[in-house]
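Colleague: Before I reuse the labels on this model, I would like to hear the reasoning behind them. Please set each value against its cut-off.

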Amino acid sequence: MTGECLFCKISSGRTETEFLHETDTLVVFRDINPAARVHLLIVPKKHIRSVNDLTDDDRSILADMIFAARVMADTEGVAQSGYRLFFNVERGGGQVIFHLHLHLVAR
C-alpha cells in the first residue's frame with residue numbers, strides 16, 4: 001500500500017467513502033465524477049499502479065474484479081440492458097489515479 005495513494009486510502013477505509021460491495025481483495029464505490037447514471041469503480045485493495053504493473057500473482061485479483069463487476073451490474077439493474085467495463089492505462093490512456101481500477105459504466 002502506498003500511503004499517499006487516494007485509492008489505497010479509500011480501499012483501506014481511511015475515508016468516508018461508501019462501499020457498495022467489498023471482499024477480501026477489493027472494494028466497489030461510485031465515481032465522484034460520474035460519466036453516466038451508473039458509474040462504479042472496482043478497486044483492488046492491493047496497490048497495483050496500472051495494468052502495465054500487473055504480475056502473474058495478480059491474475060486472481062483481475063478475476064475478482066470482473067466477477068464483482070458482474071455482481072454490481074445485476075445489483076444496479078443494468079445487467080440485461082448492458083454496460084461497459086474498461087481500464088484506463090497510463091496518462092495517455094486517460095488514467096488519472098495511478099492505482100489499478102476498473103470502471104463499470106451504464107447509461
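**Labels and their cut-offs**

Colleague: Why is glutamate 76 called buried?

Modeller: Its relative accessibility is 18%. Buried means under 20% relative accessible area, exposed over 50%, and partly exposed in between, with a 1.4 Å probe and protein chains only. Glutamate 76 is therefore buried.

Colleague: What sort of model do these values come from?

Modeller: This is a predicted model, where local features need pLDDT of at least 70 and side-chain atom pairs count only at pLDDT 80 or more, while totals for chains, interfaces and linings use all residues. Residues are numbered from 1 along each chain as its sequence is written, and side-chain values use heavy atoms, leaving out hydrogens and water.

Colleague: What makes arginine 30 and glutamate 76 a salt bridge?

Modeller: The term needs a side-chain nitrogen of Lys or Arg within 4 Å of a carboxyl oxygen of Asp or Glu. For arginine 30 and glutamate 76 the N to O distance is 3.1 Å, so the pair qualifies. Arginine 30 sits in strand β2 and glutamate 76 in the loop between α2 and β4 (84-86), 46 residues apart. Helices (H or I, at least four residues) and strands (E, at least two) are DSSP runs, numbered from the N terminus. Unlike its buried partner, arginine 30 is partly exposed, because its relative accessible area is 42%.

Colleague: How many salt bridges are there in the whole structure?

Modeller: A search finds seven. One of them joins lysine 45 to glutamate 22 at 2.9 Å, N to O. Lysine 45 is in the loop between β3 (38-44) and α2, glutamate 22 is in strand β1 (residues 21-22), and 23 residues separate them. Both count as partly exposed: lysine 45 has 26% relative accessibility and glutamate 22 has 44%.

Colleague: How do you know that glutamate 90 and arginine 49 tie together separate parts of the sequence?

Modeller: The closest N and O atoms of their salt bridge are 2.7 Å apart. Glutamate 90 lies in the loop between β4 and β5 (102-106), arginine 49 in the loop between β3 and α2, so the bridge spans 41 residues of sequence. Arg49, Asp53 and Glu90 are linked in a network of salt bridges.

Colleague: Which residues form the nonpolar patch on the surface?

Modeller: Ile66, Phe67, Tyr83 and Leu85, with about 360 Å² of accessible area together. Patch members have over 30% relative accessible area and no salt bridge; like charges are joined within 9 Å, and nonpolar side chains (Val, Leu, Ile, Met, Phe, Trp, Tyr) within 5 Å. Areas come from the Shrake-Rupley method with a 1.4 Å probe, and for residues only the protein chains shown count as cover. Isoleucine 66, in helix α2 (residues 59-75), has 40% relative accessibility and so counts as partly exposed.

Colleague: How much space lies in the largest pocket?

Modeller: About 270 Å³. On a 1 Å grid over the protein atoms alone, a pocket is an open set of points with protein on both sides within 12 Å along at least five of seven lines, and lining residues have an atom within 4 Å of a point. The volume is the space filled by probe spheres set on the points, which are joined across faces, edges and corners. Sixteen residues line this pocket, with Phe7, Asp31, Ile32, Leu41 and Ile97 nearest its centre. The helix α1 gives the most to the lining, with three residues.

Technical notes: On a 1 Å grid over the protein atoms alone, a cavity is a set of points where a 1.4 Å probe fits but cannot get out, and a pocket is an open set with protein on both sides within 12 Å along at least five of seven lines; lining residues have an atom within 4 Å of a point.
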